[in-house]
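User: Hi! Could you walk me through this structure?
Analyst: Happy to, here it comes.
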Amino acid sequence: MKRVIRFNLNGEDIEAYAPENMTILDFLRKEMHLTGTKRGCEEGECGACTIMLDGKPIAACLMLAVEADGHSVVTIEGIMRGGRLHPVQQEFIDKWALQCGFCTPGMILSAIALLEHNPQPSEYEIRDAIAGNLCRCTGYAKIVEAIASAAEVLRKGA
Amino acid sequence: MSLPKFEYIKAQTIGEAAALAAETGDKGMVMAGGTDIIPLLKDRVKLPGYIIDLKGVPGLRQLEYTEESGLKVGALTTLREIETSAVVKSKLPAVAAAAHYVASTQVRCRGTMVGNICNASPSADTACILLVMNAAVQTAQAGGAGRVIPLSGFFKGVKQTTLEPGELVTEINIPALKSGEGSAYFKFAVRKAMDLAIIGAAVWVKMDGGRIADCRIAVGGANTTPFRAAAAEKQLIGREYGESLLAEAAATASKECRAISDVRASAEYRVDMVRVFTKRAFKEALGNLKA
Ligand code: FES
Ligand code: FES
């Protein structure tokens with residue numbers, strides 16, 4: 001059965017029909033055509049599907065679309081600011097923190113969620129924040145560097 | 001992976017949720033965070049006709065601490081809220097640490113401590129520390145008053161608890177640490193995140209000067225349910241603390257477990273790690289005594 005859900009998606013209030021037995025991951029990709037949120041393991045292990053729900057990073061493959069009703073969801077498509085890349089995105093590019101890019105949207109959302117409540121994270125805190133995001137390409141060093149330097153950019157008020 | 005067909009019901013009161021759970025029986029599944037349930041549905045391990053979501057029920061998100069009644073953790077309180085809470089970190093650091101050991105940030109932002117124990121995985125990260133802290137759960141029952149179940153009587157087997165059909169856990173109560181008491185939890189796994197424990201060990205100890213006035217040791221990941229190492233505890237209680245006494249008791253604890261072999265470790269290895277980690281947890285608890 002389908003249900004009407006109302007929630008805020010990337011800053012816009014939306015109303016849509018969602019099948020009860022559909023994850024928010026499939027809903028975003030198939031119904032909203034927002035394919036930036038990646039489908040990896042589908043069981044909460046890899047972090048490729050990370051989105052922000054009310055400002056917190058969550059695995060979209062472990063949440064039903066109907067559970068989004070009344071909440072706010074941010075995906076990788078919703079983090080640019082005034083037509084410019086978010087500093088975390090820019091630093092990922094500048095520091096070569098991605099190769100194939102499959103883990104990148106999830107990594108970036110985990111990083112943004114961290115920096116929003118901890119503007120000056122230690123290396124341990126950065127690694128802990130992305131512990132649920134697997135990357136098969138980079139070896140993580142560049143990702144940690146990019147997040148640390150994005151923190152600096154954000155602190156300087158970019 | 002698609003989800004099987006089910007009807008989603010968002011309960012508005014705990015009474016409604018319990019009544020629905022009783023009515024739907026085997027066909028109903030109660031959901032809090034959903035992080036354990038959704039993979040079970042995808043893998044068709046469970047095929048419930050109804051998902052009863054608790055997230056619409058008010059009053060289940062508490063995280064309250066008092067010196068008299070300890071910590072109350074609601075059925076919807078997330079593991080992330082517990083591990084990041086300043087009061088939990090300062091008053092019950094081992095509880096915050098155990099919550100942090102579960103999976104990843106993404107899972108802990110949805111998953112709950114109540115769900116972690118209700119799922120009753122042998123390696124549930126929060127079970128051991130709750131056992132040694134003498135925690136208890138408060139339940140609600142359809143058409144009844146609910147009851148208090150001590151954690152020691154909560155786990156029945158792999159993925160099985162002593163909850164009755166139509167009975168839901170509404171909160172966990174964890175007693176406060178008193179002066180001279182300390183506790184600790186250590187998880188041993190190959191990876192730091194997203195990994196299940198090969199074993200986990202928790203210790204609560206009450207010291208009287210150099211003498212161990214009382215202690216409780218729990219081991220998870222080794223047997224089908226987390227268990228108390230009663231013989232090891234007995235060896236320690238009433239004795240003067242010393243390295244050799246602890247080594248003896250840790251060896252006893254490892255003899256008490258009926259470890260299983262699986263892809264993560266052999267039974268022999270688990271048994272030996274129980275010895276090692278019981279010792280570490282005990283020392284950590286001693287280093288954490290409340291003034
Ligand atoms: S797809 Fe959700 S965690 Fe892997
Ligand atoms: S860049 Fe390929 S998985 Fe991370």
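User: How many aromatic pairs are there over all chains?
Analyst: Seven over all chains, where rings of Phe, Tyr and Trp (its six-membered ring) pair if their centres lie within 6.5 Å; planes under 30 degrees apart count as stacked, over 60 as edge-to-face and the rest as tilted. One of them is Phe7(A) with Phe27(A), a tilted pair at 6.2 Å centre to centre and 55° between the planes. This is a predicted model: local features need pLDDT of at least 70, side-chain atom pairs count only at pLDDT 80 or more, and totals for chains, interfaces and linings use all residues. Residues are numbered from 1 along each chain as its sequence is written, chains are lettered from A and ligands numbered from 1 in the order written, and side-chain values use heavy atoms, leaving out hydrogens and water.

User: Is Phe7(A) buried or exposed?
Analyst: Phe7(A) is buried at 3% relative accessible area (buried is under 20%, exposed over 50%, partly exposed in between, with a 1.4 Å probe and protein chains only). Phe27(A) is buried too, at 0%.

User: Switching topic, how many salt bridges are there between chain A and chain B?
Analyst: Two, taking a side-chain nitrogen of Lys or Arg within 4 Å of a carboxyl oxygen of Asp or Glu. Glu67(A) makes one with Arg110(B), with the closest N and O atoms 2.7 Å apart.

User: And how many residues are in contact there?
Analyst: 34 residues of chain A touch 29 of chain B, contact meaning heavy atoms within 4.5 Å.
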